[in-house]
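Student: I have a model open on my screen and would like to know what stands behind the words used for it. Could you walk me through them?

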Amino acid sequence: MSDDATTVIAQGTFDVLHPGHLHYLREAAAMGDVLHVIIARRENVTHKQQPVLADRQRRDMIAALDPVDSALLGDREDIFVPIERIDPDVIVLGHDQHHDEAGIEHALTERGIDCTVERASGREPEFDDELLSTGRIIDRICEQRC
Ligand SMILES: Cc1cc2nc3c(=O)[nH]c(=O)nc-3n(C[C@H](O)[C@H](O)[C@H](O)COP(=O)(O)O)c2cc1C
Ligand SMILES: Nc1ncnc2c1ncn2[C@@H]1O[C@H](COP(=O)(O)OP(=O)(O)OP(=O)(O)O)[C@@H](O)[C@H]1O
């Protein structure tokens with residue numbers, strides 16, 4: 001890949017996969033030439049229920065998806081460590097992620113990382129009963145199978 005390639009970072013938990021995840025990763029890939037995806041460590045998912053699937057399994061599934069060039073597990077303590085190593089041109093936040101653009105941009109500037117922060121769009125269901133949320137898929141499994 002040439003030095004002037006645009007490098008993009010996407011990130012998330014990516015527990016049980018669904019088409020909303022694919023939409024986000026396709027959109028992130030379209031913002032540049034190389035897409036790296038950082039998979040949240042289970043111990044760092046604190047704002048909602050922790051993932052059912054292991055860190056490595058979630059990483060391996062994301063790595064296998066077409067829009068993704070590389071998938072890596074995130075840092076245990078400092079979310080900016082992988083970012084410093086990858087040195088991206090763009091970080092793409094998901095449409096509903098709680099992180100705020102300005103806060104991340106400020107932290108990037110403080111660390112001397114020259115990178116823009118973009119917000120991806122949300123994907124709505126295309127048919128009745130299409131589930132675009134890991135939490136809702138797990139709820140459905142519990143209702144129907146437990
Ligand atoms: C720019 C950025 C980098 C991140 N890097 C890491 C990381 O290195 N390690 C980690 O465990 N979580 C990291 N996270 C956090 C998760 O990816 C994620 O935001 C959160 O834990 C799960 O949220 P979700 O509901 O958006 O999937 C990062 C988040 C952002 C916004
Ligand atoms: N319907 C959707 N449309 C667009 N992006 C989505 C959609 N669902 C998830 N994403 C994005 O995929 C990334 C990873 O999402 P995450 O793993 O939090 O999945 P989730 O299905 O939203 O989980 P949960 O239901 O547990 O909150 C995030 O950036 C999120 O914004």
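**What stands behind the words**

Tutor: Let us begin at ligand 2, where helix H1 gives the most to the surrounding shell, with four residues. Please keep in mind that this is a predicted model.

Student: Which elements give two or more residues to the shell around ligand 2, and which residues come nearest?

Tutor: Of the 19 residues around ligand 2, Gly12, Gly20, Gly94, Ser133 and Gly135 come nearest. Helix H1 (19-30) and helix H5 (134-145) are the elements that give two or more residues to this shell.

Student: What makes the classes of that shell, and how many residues fall in each?

Tutor: The shell around ligand 2 has 12 polar, four charged and three nonpolar residues. Gly counts as polar here, so the glycines among the nearest residues, including Gly12 and Gly20, belong to the polar class.

Student: And how does the shell around ligand 1 divide by class?

Tutor: That one has eight nonpolar, eight polar and three charged residues. Among the 19 residues around ligand 1, Thr13, Ala40, Asn44, Gly74 and Ile79 come nearest. Strand S1 (7-12) and strand S4 (90-93) each supply at least two residues of the shell.

Student: Where does UniProt place a "binding site"?

Tutor: The unreviewed UniProt entry puts this feature at Thr13, Phe14, His18, Pro19, Gly20, His21 and Asp96. Proline 19 sits in helix H1.

Student: Why is proline 19 called partly exposed?

Tutor: Proline 19 has 13 C-beta neighbours inside 10 Å. A residue is buried at 20 or more and exposed at 12 or fewer, so with 13 proline 19 falls in between and counts as partly exposed.

Student: Why does alanine 120 count as partly exposed?

Tutor: Alanine 120 has 19 C-beta neighbours inside 10 Å. Buried needs 20 or more, so alanine 120 stays in the partly exposed class. Its place is in the loop between S5 and H5. The C-alpha atoms of alanine 120 and tyrosine 24 are 6.5 Å apart in space, while the two residues are 96 apart in sequence.

Student: How do you know that aspartate 87 and aspartate 129 are exposed?

Tutor: Aspartate 87 has 11 other C-beta atoms within 10 Å, and aspartate 129 has 6. Exposed means 12 or fewer, so both aspartates are called exposed. Aspartate 87 is in the loop between helix H3 (80-86) and S4, and aspartate 129 is in the loop between S5 and H5.

Student: What is the phi of each of these aspartates?

Tutor: Aspartate 87 takes a positive phi of about 55° although it is not a glycine. Aspartate 129, not a glycine either, has a positive phi of about 80°. There is also a glycine with a positive phi: glycine 112, just after H4, at about 75°.

Student: What makes H4 "hardly covered"?

Tutor: The count of buried residues among the 10 residues of H4 is zero. Alanine 107 is found in this helix. It has 13 C-beta neighbours inside 10 Å, so alanine 107 counts as partly exposed. The C-alpha atoms of alanine 107 and histidine 23 are separated by 27 Å, with their positions 84 residues apart along the chain.

Student: What do S4, H4 and S5 make together?

Tutor: They form a right-handed β-α-β unit, with H4 spanning residues 101-110. S4 and S5 (residues 116-119) run parallel and are joined by four bridges. In S5, glutamate 118 is the bridge partner of valine 92.

Student: How do you know that S4 and S5 pair?

Tutor: Pairing needs at least two bridges, and S4 and S5 have four, so they pair.

Student: Which pattern does the protein chain follow along the sequence?

Tutor: The pattern is β-α-β-α-β-α-β-α-β-α, from five helices and five strands.

Student: Why does the radius of gyration agree with a compact globule?

Tutor: For 146 residues, a compact globule would come to near 15 Å; the protein chain has 16 Å, which agrees. The C-alpha atoms fill a box of roughly 50 × 30 × 25 Å along the principal axes, and 23% of the residues count as buried.

Notes: Residues numbered from 1 in each chain as written. Chains lettered and ligands numbered in written order. Predicted model: local features only at pLDDT ≥ 70, side-chain atom pairs only at ≥ 80, totals over all residues. Near = placed C-beta within 6 Å. Right-handed = clockwise from strand over helix to strand, strands pointing away. Rg over C-alpha atoms; globule rule 2.2 N^0.38 Å. UniProt positions renumbered as here; feature names shortened; annotations may be inferred.
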